[in-house]
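This report concerns a pocket, charged side chains and backbone geometry. The structure is shown first.

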Amino acid sequence: MNIYEENVMNEIIRSTSVNQRVLAEKTGLSLGIVNRSIQGLKKEGYLTEQGSLTDRTEQELRANRPKRAIILAAGYGMRMAPINTTAPKALLEVNGERLIERLILQLKEVGIRDITVVVGFMKDEFEYLIDDYGVKLVVNAEYAVKNNLHSMALVASWPGNTYIVPCDLWCEENPFRRNEFLSWYMMADSPDPESGVRVNRKQEILWARSEGHRVIGISYLLERDWKNVRNRLKLLDSDKRHSESFWEEALFPENGDRMQIYARWFDPKKIVEINTYEQLRALDSGAKQLRSDAIMTISRVLKVKPEEITDINVLKKGMTNRSFLFSAGGERYIMRIPGEGTDQLIDREEEAEVFRTISGQDICDDPVYINPKNGYKITRFLEGVRNCDPEDPEDVRKCMRKLRKCHEKKLQVGHTFDLFGQIEFYESLWNGQPSVFRDYRKTKEEVLSLKDYIDSQPHDWALTHIDAVPDNFLFYRRDGKEELQLIDWEYAGMQDPHVDIAMFAVYSLYSREQVDRLIDAYFEGSCPEATRRKIYCYIAVCGLLWSNWCEYKRTFGVEFGEYSLRQYRFAKEYYRIFRGKENGQEQ
């Protein structure tokens, strides 16, 4: 049985009719394909000459009948900004009905009772589904660093005859059926420049070299096909290179260019994938989540109606915050929304004081709006902006010159950033949990011992950025001239300005040679040896500081991969470098 015959057979079972014109209308297939499909079904023993179901058909119906469903709902839904900070995408409401509840009811309508939801982000919000709908929950604890391939790997050992369903679909008609004869993956016969797959005339799904077909993402896997996919899932999930992969990669055999299952077409007008705020607004302009606090803040500050806030696009998630672009009143802006646990890390009143202090100092543009209570910030979007490239010596030289000019202003605020105090503070936020590093206590003791040398060295006490990393240096053009801004002053406070050099180095994951070139760029080749050694100490201290910060963020499911490990290595290695130079040894 091929996919065309399967569609025709399902419609015959549903309507108990073999009228070819009716079948063509119901399936969307041509009369020719319907005729060939009926003849094929008869030849293969699925239909009698009179069009009745055979014993073979009845047996396959029983063997292949859908028995369970897996709904994938673990991710952040990052493109849903600003809604994604307050609600999981699966719980968005369309016409008063939550997306996931509608999908569950549609599954139950065709007899599926065994339903599992894989959760991660805001997992506790899904708990009610257990009592209200009898579903099971499986937690993907690594949702922050792994894509849904890992979610599927968590349930790979379960039996087949299973629907796999994305949580972000609103289906006007029920896409599920009581009877299935084949495994399939749902597609729409419409082009999509972002799709990586296409469907050929045989209804096979292949990798697309250019524009592909729109992916809907619902799939059905019979037990015989699920076995093959199960093995691929486990193999891919064990490979770190596939941490960000979608589970659909497992539908392709190793080194194969086509899925192991057929495409099933579905009318794209009857299934809407909700990935963005504006897609939700287009589907249901009255959805309650549209009136998010962030949107209402923009509306009030810029004096525009919520529906006049358009072109909303999420920016790459920052290490502390989430931000999104939007248009309003003919201009483009960026809104910052603090990330998980940020209220423990940042004093927003102090941040507001910093922005008042640097206003008019040719350091960065003033925010359009900053809220010292919740940390919301709106800034104008600069066209043609690029970040500093830490591997480009000329970029680095310009950034160090800008940084030094900022420091030479010797601006003053009423609060400090206590490096050693913050190390202890971030550790206290672990709530008694031990460090993931076995030698943490020894490393911490060694780093704290550097304080005596740091304190013995002369330094200016001035407003210091603290987070002066390449991503916060923005190059852009204004009136035909290159400009450079230093943005994101939320950690700033009174400190030794040379801390900023260390921060740039550790964030850039610099080698020892690159660190020395960075120091020379800041001091224009005339850095005293004692000051260089002090900066080495700061690198060790900052490495441990941000390692502790990463361990705190990990409690929220936020992982930073290599960054957190490298910060810890900075702590250990630059302690050794300093001690080696102190003893006249080169490391």
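A pocket is an open set of points on a 1 Å grid over the protein atoms alone, with protein on both sides within 12 Å along at least five of seven lines; lining residues have an atom within 4 Å of a point. Its volume is the space filled by probe spheres set on the points, which are joined across faces, edges and corners. The model is predicted: local features need pLDDT of at least 70 and side-chain atom pairs count only at pLDDT 80 or more, while totals for chains, interfaces and linings use all residues. Residues are numbered from 1 along each chain as its sequence is written, and side-chain values use heavy atoms, without hydrogens and water.

**Pocket.** The second largest pocket has a volume of about 980 Å³. Its lining comprises 29 residues, of which Lys26, Thr27, Arg264, Trp265 and Phe266 are the closest to the centre. Two or more lining residues come from each of helix H1 (3-15), helix H2 (20-27) and strand S12 (258-265); helices (H or I, at least four residues) and strands (E, at least two) are DSSP runs numbered from the N terminus. H1 gives the most, with 6 residues.

**Charges.** A salt bridge places a side-chain nitrogen of Lys or Arg within 4 Å of a carboxyl oxygen of Asp or Glu. The count by this rule is 42. One of them pairs Arg68 with Asp114 at 3.6 Å, N to O. Arg68 lies in strand S1 (residues 68-73) and Asp114 in strand S4, so this pair links distant parts of the chain, 46 residues apart.

Arg113 is located in the loop between helix H5 (99-109) and strand S4 (114-119).

**Backbone.** Two backbone features are tabulated below.

| Site | Angle | Loop |
|---|---|---|
| Ala81 and Pro82, cis peptide bond | omega about 5 degrees | Pro82: between S1 and strand S2 (93-94) |
| Asn95, positive phi in a residue other than glycine | phi near 50 degrees | Asn95: between S2 and strand S3 (97-98) |

Notes:
On a 1 Å grid over the protein atoms alone, a cavity is a set of points where a 1.4 Å probe fits but cannot get out, and a pocket is an open set with protein on both sides within 12 Å along at least five of seven lines; lining residues have an atom within 4 Å of a point.
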